[in-house]
Amino acid sequence: MAKRKKISNINWSILLTILALLYVYPIIMIIFNSLKQETAITTNGAFTLPTSETFAGLANYVNAIESKGFLQSLGYSLLITVTSVAAILICCSMCAWFITRVKSKISQALYFLFVFSMVVPFQMVMFTLSQTADALKLNTPYNIWVIYLGFGAGLAVFMFAGFMKSVPLEVEEASMIDGCNPLQTFFRIVLPMLRPTLVSVGILEAMWVWNDYLLPTLVLDIKKYKTIPMLIQYFRGSYGRVEMGPMMACITLTVIPIVIVYLLGQKHIIKGVAAGAVKG
Amino acid sequence: MASITFKNVVKTYGNNNTVIPDLNLEIRDKEFIVLVGPSGCGKSTTLRMIAGLEEVTAGDLYIGDRRVNDVPPKDRDIAMVFQSYALYPHMTVYKNMAFGLELRKTPKDEIDRKVREAAHILELDEYLNRKPRELSGGQRQRVALGRAMVRDPAVFLLDEPLSNLDAKLRTEMRSQISALHKRLQTTFVYVTHDQTEAMTMGDRIVVMKDGVIQQVDSPQNLYSYPCNKFVAGFIGSPQMNFLEAGVEKEGAGYVLVFAQNRIPLVKPELEPYVGKKVILGIRPEDIHAEESFLAISEKSNIQAKVDLAEMMGSEIYLYFTCGGQKMVARVPSRTGIHADDEVKLALDANKIHVFDSATEEIICH
């Protein structure tokens, strides 16, 4: 029996290893190709390891950073991601607190509205949205967080509300007796208790905003502002020519920050997803 | 001064769910008062109204001379200990205790002095840097007490603070809380459904049922002179025996008649009940099996067959049926009575309580 279980475990391990490699393979390929010369990538050498003849060192990276205004795009991407995620975390956690603690028909309706917003496809609203964004002057990297707040709120409120139910009401009551006003109760008691969910929601939303291509392309003035996903597009030249080396280097540089953020917070993301599932 | 006064206080949830119809109660300064009653009797709601966590629907609530109906919890000069401890999980024990003082902008050195003093009294000195999750249930409850103590509140509110602890720890904490009350000399309002806690800790006990106060009295009086059948049955373990009995006049006195038994009582209060049914109440320990007692109280002897005998060490609980009504007696274990024994037992006529069978109010003790 034990032997059979062991064999089954080995089979699973092999299968999962193969799956993991399949997932990692494109990223490894991008990193390898970012270190190769342009000709080596385009002439059937895309799937081989860099050799002494094809190795380009960091030339592609230098090119990627210098040629198309990478640093400026990085700045915009960072700005948009940080402001959007901050807005989502603050506003949605507060909103979920209200929905969970104030039991009324309005709060219930609000909750269902937020959950419903998750199932509305972006493509359905994107054109009217870009018009509205223009009209409201939300079409700059400084204001676009408002739109991200709207689109990110569904998932965030859903996750926060789920966890908030497991926060005992007595703790909040104790803080009120200790002398907190509602804002102090929220920021000094409730928010610190939400930390695992804050990290989970933060990472999920950051990954989405950082990698998002469609929304900034539709809303932002492309001539003035380019986020990194938009910039990558610009390595495709005219007549179908693509600067493969710098493009791969640019993608690698784009992936690095979000992978670091994910790795730092992965311990919390598991906690956060599982939080509230069982009574602690 | 921190007396608490309820004047015609009403608490209603929603449109017509009245939990407390009309509460009038005066809790004296420095008193240890225990609110006791079955689940849903409104005791916790009463406590939460004092705390300001529940609004008073109508009537007036005073802490000292101040009407506090509209005063927020933080300005009522109260501290509360919750059943679930309600500690801040992200803060250390020290921070948990200091938090209320920090919010009140108390100087740092004073906070430090007060926290360490309270921690010392509660034997928490070595746990000050730990988070609540690293503590046992008893330690957490002590932190909750400490958090209330450091604030020097005028009123201490405790909402079933021991119900999450095991039996041994509960006994220990019970004496600690009583000692704390003596030391602090503050008004304590304690809510529990456990009558042992109520009897051992309270200066006075408030027995509640369906939002209505049944009786407010000292533990001894409550036990010896219950004002109605509910209080008589609620206080005491095993609970008081109740028998339906008829009242007959016999000479200058009266007799209570049930099954084949006739127990004489000289109580003029029974006059209006002659020929009617009443409820006879007698506590298990007032039913005796010793020969000496049987001899001197021949008229109140009853014959019974023991259904079950529970050996408790120093005493035996005898469960028997008398005239079709189930009863329990608490007799010394040296009597050596066993299940299925036919025994003669004597009711102590001086300890019989008689209740009106319609209103269930006391007629005489």
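Which residue is the bridge partner of B:Phe6 in strand 4 of chain B? In this predicted model, the partner is B:Leu61, and the first view below starts from that pair.

**View 1. Strand 1 and strand 4 of chain B meet around B:Phe6 and B:Leu61.** Strand 1 covers residues 4-13 and strand 4 covers residues 58-63, and the two run antiparallel in chain B. Five bridges join them. If you zoom in on B:Phe6, look across to strand 4 and you will find B:Leu61 as its bridge partner.

**View 2. An open sheet of four strands in chain B.** Step back a little, and the strands follow the order 2-1-4-5, with antiparallel pairing. Strand 2 (17-27) and strand 5 (66-67) stand at the edges with a single partner strand each, so one side of each has no neighbour in the sheet. As a reminder, strands of a sheet pair through backbone hydrogen bonds.

**View 3. B:Val189 and its surroundings in the largest nonpolar core.** This core has 151 residues, and those with the most contacts inside it are A:Phe160, B:Met80, B:Leu157 and B:Val189. The greatest contribution comes from helix 7 of chain A (residues 145-164), which gives 13 residues. Around B:Val189, leaving aside neighbours within four places in sequence, the contacts include B:Ile4, B:Ile27, B:Ile33 and B:Leu35. B:Leu47, B:Ile50, B:Val155 and B:Leu157 are also in contact with B:Val189.

**View 4. A second, separate core.** Here 15 residues come together, among them A:Ile41, A:Ile232, A:Phe235 and A:Cys250.

**View 5. Where chain B touches chain A.** Chain B brings 17 residues to this contact and chain A brings 13. On the chain B side, strand 6 (78-81) and helix 2 (93-103) each supply at least two residues. By class, that side has twelve nonpolar, three polar and two charged residues.

**View 6. The two domains of chain B and their contact.** Domain 1 spans 4-234 and domain 2 spans 241-364 in chain B. Their centres, taken over C-alpha atoms, are separated by 39 Å. Six residues of domain 1 and eight residues of domain 2 make up the contact. The domain 1 side of chain B that touches domain 2 has four nonpolar residues, one polar and one charged.

**View 7. The domains of chain A.** For chain A, domain 1 runs over 2-61, while domain 2 is made of 69-234 + 261-274. The C-alpha centres of these two domains of chain A lie 34 Å apart.

Note on methods: Residues numbered from 1 in each chain as written. Chains lettered and ligands numbered in written order. Predicted model: local features only at pLDDT ≥ 70, side-chain atom pairs only at ≥ 80, totals over all residues. Domains from an automatic or database assignment. Contact = placed C-beta atoms within 7 Å. Nonpolar A, V, L, I, M, F, W, Y, C, P; charged D, E, K, R; others polar. Pairing = 2+ DSSP bridges. Core = buried A, V, L, I, M, F, W, Y, C linked by C-beta atoms within 7 Å. Buried ≥ 20, exposed ≤ 12 C-beta atoms within 10 Å, placed from the backbone.
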